[in-house]
Amino acid sequence: MEHLDAIVIGMGPGGETVAGRLLDAGKRVAVVERELIGGECGYYACVPSKTLIRSPEARQSAVEAAGLDRPGLDWPALRAHRDRMIRHLDDSAQVEGYEEQGALVLKGTARVVGRDPWRVAVDGDEYTADHVVVATGSEAVRPPIDGLDALGPDVVWTNREATTLTEIPGRALVVGGGAVAVELGQFLARMGSRVTVVQRGDRLLDREDPRLCELVSEQFDRDGVTVHLGAQVASAVADGDGVVATLDTGERVHADVIVLGSGRRPRGDGLGLAELGVGLDRTALPVDDRCAVAPGLWAVGDVTARLMFTHVAKYQGRLVAANILGGDRRARYTGVPRVVFTHPEIAGVGMTVEQARDQGVDVVTAEVDLAASLARPWTHATDPRGTLGVIADREHGVLVGAWAFGPMVSEWINTAAVAIRSRIPVRDLIDSTPQFPTFNEGYLIALERLDL
Ligand SMILES: Cc1cc2nc3c(=O)[nH]c(=O)nc-3n(C[C@H](O)[C@H](O)[C@H](O)COP(=O)(O)OP(=O)(O)OC[C@H]3O[C@@H](n4cnc5c(N)ncnc54)[C@H](O)[C@@H]3O)c2cc1C
Ligand SMILES: NC(=O)c1ccc[n+]([C@@H]2O[C@H](COP(=O)([O-])OP(=O)(O)OC[C@H]3O[C@@H](n4cnc5c(N)ncnc54)[C@H](O)[C@@H]3O)[C@@H](O)[C@H]2O)c1
């Protein structure tokens, strides 16, 4: 039985980050992947969704820029680019790359079958290791809808079917109101689908600041998306090539596909860990601030159920690699940006007003209508829109939260993220010199408006 320095189970962005760093440090590493090296993110989530969203976004940006006509959108060409971006669901180059770096690449399903030392079985073969890193990610939750399980994947789409779609459905019923539902709902609407969103919560993106939710709802109105808030799909039955769904309000919605965007479930179960005395937090692996689950057992990414983002999986991956190599890095989740790649983009970072108040912060806020205050929105579009909100702690004179709705927010929200994470005093932020003309200048205006 081969003994390794480390076995990494699951090769999404979290696992890849740990494995790459340990290999660079000269460690003997086995990487185990049952599907495709690159994980959900690379093939069925971030990469295809952002690739698909880009073309309708660019088309709409063209409409909004002076002197441009609406460009045509060639779906087969966009689909072909998406297929290149997801490597035609072929990871042979990744397998070869890891082998060249000296990794033992095991394509199969891992189970942890022993401890002291950790022992991992992959399709009948067993390996021991000083360290095991679990990076098995998450999967789409199937909401409790009567009749859902009788419908096939041609009509019930998780993120997998949605991001690998080959034809644009005429009518889509999107269940949920988080990032998945909002991104995919807007994408389908802009590609010509008639989209109905059914959200259980009382707002879209209901964990974000209510002002941001309002702006998203207004945008969905402009995009012609029908939204049912505080509602659930009670049942669904086949109807010709599509489905007819009945909401708990009694309303009926006819659709060609149902798209599930109602949350994700960490994949910490099914690995055999509970049988070895490792407690789970439902299906998540409980990690301490070093991302350790037990001595020599680590977890990174969605399986830890911390913040389900690729940048968090990669952060935890950097930290675990450093800790395995003898360091003592501890995770802090303050100031992690949450971006929704709609058009205009949406982002939140740090606390909402309500969360800050709950924590006893003496909250002071400011909001800026970017078009009313800056030059950049007008050099960008003829009828610009965008809003930035900041949330500060009056007692300590620092930012504790920010949110924004506007062009390219994903590129400028990190300014607030760094300020929040590093507790840069607002007076120092006001003394900075963001370049002209940019959306970043909005921060100066918002900060000067704070009644600190
Ligand atoms: C539609 C969609 C869009 C998203 N867009 C973004 C975005 O734009 N930005 C962002 O930051 N986040 C985004 N996310 C979230 C992001 O995809 C996840 O946070 C990220 O993929 C987590 O990475 P991970 O390494 O934890 O796991 P994953 O990417 O889920 O990878 C886990 C891997 O483990 C493998 N595995 C599981 N069990 C086993 C086993 N027993 N043995 C061997 N292998 C196993 C799986 O096959 C998989 O390859 C999006 C999610 C969705 C659904
Ligand atoms: N751009 C990005 O970074 C990005 C994009 C997509 C997903 N993600 C991540 O992936 C994870 C999963 O995203 P998600 O949007 O699926 O989940 P989520 O947990 O963020 O949101 C789920 C939403 O669905 C609603 N819901 C739950 N059950 C429902 C039901 N039965 N009927 C109607 N509505 C229901 C909830 O009220 C909630 O608003 C999140 O952590 C998210 O951060 C990130």
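Ligand 2 lies between domain 2 (148-262) and domain 3 (338-448), because both domains give residues to the shell around this ligand; the domain bounds come from an automatic or database domain assignment. The structure is a predicted model, in which local features need pLDDT of at least 70 and side-chain atom pairs count only at pLDDT 80 or more, while totals for chains, interfaces and linings use all residues. Residues are numbered from 1 along each chain as its sequence is written, and chains are lettered from A and ligands numbered from 1 in the order in which they are written.

**Surroundings of ligand 2**

- There are 24 residues around ligand 2, and Pro143, Gly176, Gly178, Arg200 and Met308 come nearest; a residue is near a molecule or strand if its C-beta atom, placed from the backbone, lies within 6 Å of it.
- At least two residues of this shell come from each of helix H7 (179-190), strand S10 (194-199) and strand S19 (338-340). Helices (H or I, at least four residues) and strands (E, at least two) are DSSP runs, numbered from the N terminus.
- Helix H7 gives the most to the shell around ligand 2, namely four residues.
- By class, the shell around ligand 2 holds 11 nonpolar, nine polar and four charged residues. Here Ala, Val, Leu, Ile, Met, Phe, Trp, Tyr, Cys and Pro count as nonpolar, Asp, Glu, Lys and Arg as charged, and the others, Gly among them, as polar.

**Strands S19, S20 and S23**

- Strand S19 pairs with S20 in the antiparallel sense over three bridges; two strands pair if DSSP finds at least two bridges between them.
- A hairpin of four residues joins S19 to S20, and valine 340 stands opposite isoleucine 346 in S20.
- Strand S20 (residues 345-350) is largely enclosed by the rest of the structure, because six of its six residues are buried. A residue is buried if 20 or more other C-beta atoms lie within 10 Å of its own, exposed if 12 or fewer, and partly exposed in between, with C-beta atoms placed from the backbone.
- S20 is also joined to strand S23 (residues 398-406) by six bridges, and these two strands run antiparallel. Glycine 350 has glycine 401 in S23 as its bridge partner.

**Surroundings of ligand 1**

- Of the 39 residues around ligand 1, those that come nearest are Gly10, Gly12, Gly39, Gly137 and Gly301.
- Two or more residues of the shell around ligand 1 come from each of helix H1 (13-24), strand S2 (29-33), helix H2 (39-44), helix H3 (46-64), helix H6 (159-163) and helix H9 (310-324).
- The shell around ligand 1 divides into 17 nonpolar, 15 polar and seven charged residues.
- Domain 1 (2-38 + 91-139 + 265-324) and domain 2 (148-262) each supply at least three residues to the shell around ligand 1.

**Strand S6 and its partners**

- Strand S1 (residues 2-9) pairs with strand S6 (residues 125-134) in the parallel sense over seven bridges, and isoleucine 9 stands opposite valine 134 in S6.
- Strand S5 (residues 118-122) pairs with S6 in the antiparallel sense over five bridges, with alanine 121 and glutamate 126 as bridge partners.
- The hairpin of S5 and S6 has two residues between the strands, and aspartate 123 takes a positive phi near 45° there.
- S6 also pairs with strand S18 (residues 297-299), in the parallel sense over three bridges. Valine 132 stands opposite leucine 297 in S18.

**Two open sheets**

- One open sheet has five strands in the order S8-S15-S9-S10-S11, with parallel pairing. Its edge strands, each pairing on one side only, are strand S8 (156-157) and strand S11 (226-229).
- Within this order, strand S9 (residues 171-175) and strand S15 (residues 257-260) pair over four bridges, and the bridge partner of alanine 172 is valine 257 in S15.
- Another open sheet has three strands in the order S12-S13-S14, with antiparallel pairing. Strand S12 (233-239) and strand S14 (252-255) are its edge strands.
- S12 and strand S13 (residues 242-247) pair over six bridges, and serine 235 stands opposite threonine 246 in S13.

**Annotated span**

- An unreviewed UniProt entry annotates residues 5-317 as "domain: FAD/NAD(P)-binding". UniProt positions are given in the numbering used here, feature names are shortened, and annotations may be inferred rather than shown by experiment.
- The span of residues 5-317 is 30% helix and 27% strand, and its end C-alpha atoms lie 16 Å apart.
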